[in-house]
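Here is a set of short exercises to work through with the model open beside you. Try each task before you read its solution.

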Amino acid sequence: MLLGSVLNPINSTIIAVALVPIGRALGAPASQTAWLVSALYLATSLGQPVVGRLIDVFGPRRLFLLSTGLVGVAGVVGALAPGLGVLIGARVLLGFGTCAGYPAAMALVRSEAERTGRDSPGGVLTALAVANQTIAVVGPLLGGLLIAVGGWRATFALNVPLAVAAVLLGLLRLPKAEPTEKPSAEPTEEPTADPANEPTADPANGPARRGSLAARLDLPGMALFAAMLVSLLLFLMNLHLRDWYLLALSAAAGAAFAVRELRTATPFIDLRVLGGNTPLLATYGRALVAYVVAYSFLYGFTQWTEEGFGLSPFHAGLAQIPMFLLATGVSIVSGRSTGVRGKLLLGAVGQIAACLVILTLGGDSPLWMLLLVALIFGVPQGLNNLALQNSVYFQADPERTASSAGLLRTFAYIGSMVASSATAASFGQHADTGGLHRLAWVMLGAGVLYLLLTLFDRTLGRAAGADTRASV
C-alpha cells in the first residue's frame, strides 16, 4: 500500500529540481519544461477517479498490478528519451501508471476496517499520509542527489526498480479480495427452456451480464468527464483569452456530464449523493486551493533557488530538509488526534506566513531565510495532507471509497495545474526574484481563501467512527 501510493508524489516532486538541468540539456525555456509538470497532472487528474471507480467495481489487485507495471515502462522511456516531446510522453505514462496506488490503498484500508469492525484506522491513515508527504518533501533532495550522480535521466530510471518492487509485492501480498462495491445479486431461479429467453438465462455468462457491467462502469459518463477535465486543464496550462473555446468546451461537456450522471442508474460519479454531501464538497474545494499554494512553492520556489539564488540542484533539494523533518514530526504527532478543524486552520496560517516571508526574499538574501521559508512550510505540509485524507475517508460513501479518494487527488491536481500555470506566467523565460514575488502573491491569495473556506465551514468536527462520517 505505502510503496504503491508514493509512486505518484515521488514523480510529482523529484522533477522539481530536474526542470532546470533538463531545460539546459534540451535547450528548452521554463515555459516549455513546465509541460513536464502539467503532463503528469493532466494524466493523473483524469485517471485517478476513473481507476478509482474500476477499483470499486473490480477490487484493487488487478488495477494495482497493471498500473504499476506501466510505471516501469514509463521509466525506461523517460531515461532513453531523445527530446522534450518524448520526455513529456513519458510523464503522461507515469501519470496513468501511478493512478492506482492511492485509491487502492484507501480501498484496502476500508475493506480491512469492515472486516475487523474497526472503522477508525487512525494509525494506518497516518502512516499513509506520512509516507506520501515524506516522499513529497524528500523528493527534491533525492532528485538532486540522483542528478549529481547520474544526471537528470536518473530521475526517470528510478521508476524501474520501484515499479518492479511494487509489482512483486503486489503479487505476493495483495489479497485476492472481493471488490469494494458488490455487484447486484444474481437470479437464483433455474433458466427457462424457452429459446427466446436463452440470451438472458445465465446472467453470469450471457449478454445481460456484460450489459450490467458496462452500465456499472458508466463508460459514457467517464468519456464526458474526461472531455470536461482535459479541456479545463488545457485551458489552465496556458491561460489566455485566445483559448476561450477550451473553457466553453469544458462547460458544455460538464453540463452534458451532469445530465448524464443525474439520469443514469449507476453513475460514474453519483452527483445526487455528492451534491448532498456538503462536507465532502468542501473538502474537495479546500484541497484545490491548498495544493495551489503547495505546488507553487514546490516548483516555483525550487526553480528560483537554482536560477535566482544560484544553488545547484542538489543544494536546492538540501535546502528543503527543514521542511521534511518538521513535516514528518508534525504528521506523526497530529496523527494521534482524529480531529481535522485545528489541523486545517493551523495549516492555512502556516501557508500564509510562509508566503509573506517569500515576499521579502531576494537574490542577496541570507541562506538562513530560505531555510526559514522551508521550515515554515513544514507545518502545513505535515497537517493539510493528513487532515484532507482523513476527511475524505470518513465523509465518503464506503462503497465508493476508492473513487472518492481518486477525486480528492483530482482536485489536488487541478490545484497543481493552476500552480504550474501561475509559475510559468510569473517566471516566463527565467526564474528571477520579480517572478518569485508575483507568484507569492498568487500563493497568498490561495492561502487566504483556504483559511476562509475552513473558518466558515460549520460541518467540520471530530471523526470518531462510522457515525460521524458526514460531520468530520
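Accessible areas here come from the Shrake-Rupley method with a 1.4 Å probe, and for residues only the protein chains shown count as cover. This is a predicted model, in which local features need pLDDT of at least 70, side-chain atom pairs count only at pLDDT 80 or more, and totals for chains, interfaces and linings use all residues. Residues are numbered from 1 along each chain as its sequence is written, and side-chain values use heavy atoms, with hydrogens and water left out.

**Exercise 1. Describe the protein as a whole.**

Step 1: start with the surface. The protein exposes about 18600 Å², and carbon and sulfur atoms supply 68% of that area.

Step 2: turn to the inside. A residue is buried under 20% relative accessible area, exposed over 50%, and partly exposed in between (1.4 Å probe, protein chains only). Of the 472 residues, 57% are buried.

Step 3: list the elements. Helices (H or I, at least four residues) and strands (E, at least two) are DSSP runs, numbered from the N terminus. The protein has 21 helices and zero strands.

Step 4: look at the contacts, meaning heavy atoms within 4.5 Å. Taking contacts between residues at least 6 apart in sequence, 82% join residues at least 24 apart.

**Exercise 2. Find where the confidence is lowest and where it is highest.**

Step 1: recall the score. pLDDT is the predictor's confidence in each residue, from 0 to 100. The protein averages 79, and 85% of the residues score at least 70.

Step 2: compare the elements. Helix H10 (residues 198-201) has the lowest confidence, with a mean of 38, while helix H8 (residues 154-157) has the highest, at 93.

Step 3: mark the stretches that stay under 50. Residues 179-211 form one of them, with 29 contacts beyond four places in sequence in the model. Residues 462-472 also stay under 50, and there the model has 33 such contacts.

**Exercise 3. Decide for each residue: buried or exposed?**

Step 1: take lysine 176, in the loop between helix H9 (159-173) and H10. Its relative accessibility is 74%, so lysine 176 counts as exposed. Its C-alpha atom is 8.6 Å from that of proline 60, 116 residues away along the chain.

Step 2: take alanine 319, in the loop between helix H16 (313-318) and helix H17 (321-334). Alanine 319 is buried because its relative accessible area is 9%. Beyond four places in sequence, alanine 319 touches Leu311, Leu371 and Ala374. Proline 140 is 179 residues from alanine 319 in sequence, yet their C-alpha atoms are 9.3 Å apart.

Step 3: take methionine 369, in helix H19 (residues 367-395). With 15% relative accessibility, methionine 369 is counted as buried. Neighbours within four places aside, methionine 369 contacts Thr360 and Leu361. Its C-alpha lies 8.2 Å from that of valine 357, twelve residues away in sequence.

Step 4: take glycine 415, in helix H20. Its relative accessible area is 0%, so glycine 415 is buried. Not counting residues up to four places away, glycine 415 touches Leu288, Tyr291 and Val292. Between the C-alpha atoms of glycine 415 and valine 293, 122 residues apart along the chain, the separation is 8.2 Å.

**Exercise 4. Describe the second largest cavity and its lining.**

Step 1: know the rule. On a 1 Å grid over the protein atoms alone, a cavity is a set of points where a 1.4 Å probe fits but cannot get out, and lining residues have an atom within 4 Å of a point. Grid points are joined across faces, edges and corners, and a volume is the space filled by probe spheres set on the points.

Step 2: count and size. This rule gives two cavities of 30 Å³ or more. The second largest has a volume of about 80 Å³.

Step 3: name the lining. Residues lining the second largest cavity include Leu19, Ala30, Tyr299, Gln303 and Phe427. Helix H3 (30-58), helix H15 (278-307) and helix H20 (401-427) are the elements that each give two or more residues to this lining.

Note on methods
1 Å grid on protein atoms, 1.4 Å probe; cavity = no way out; pocket = protein on both sides within 12 Å on 5 of 7 lines; lining within 4 Å.
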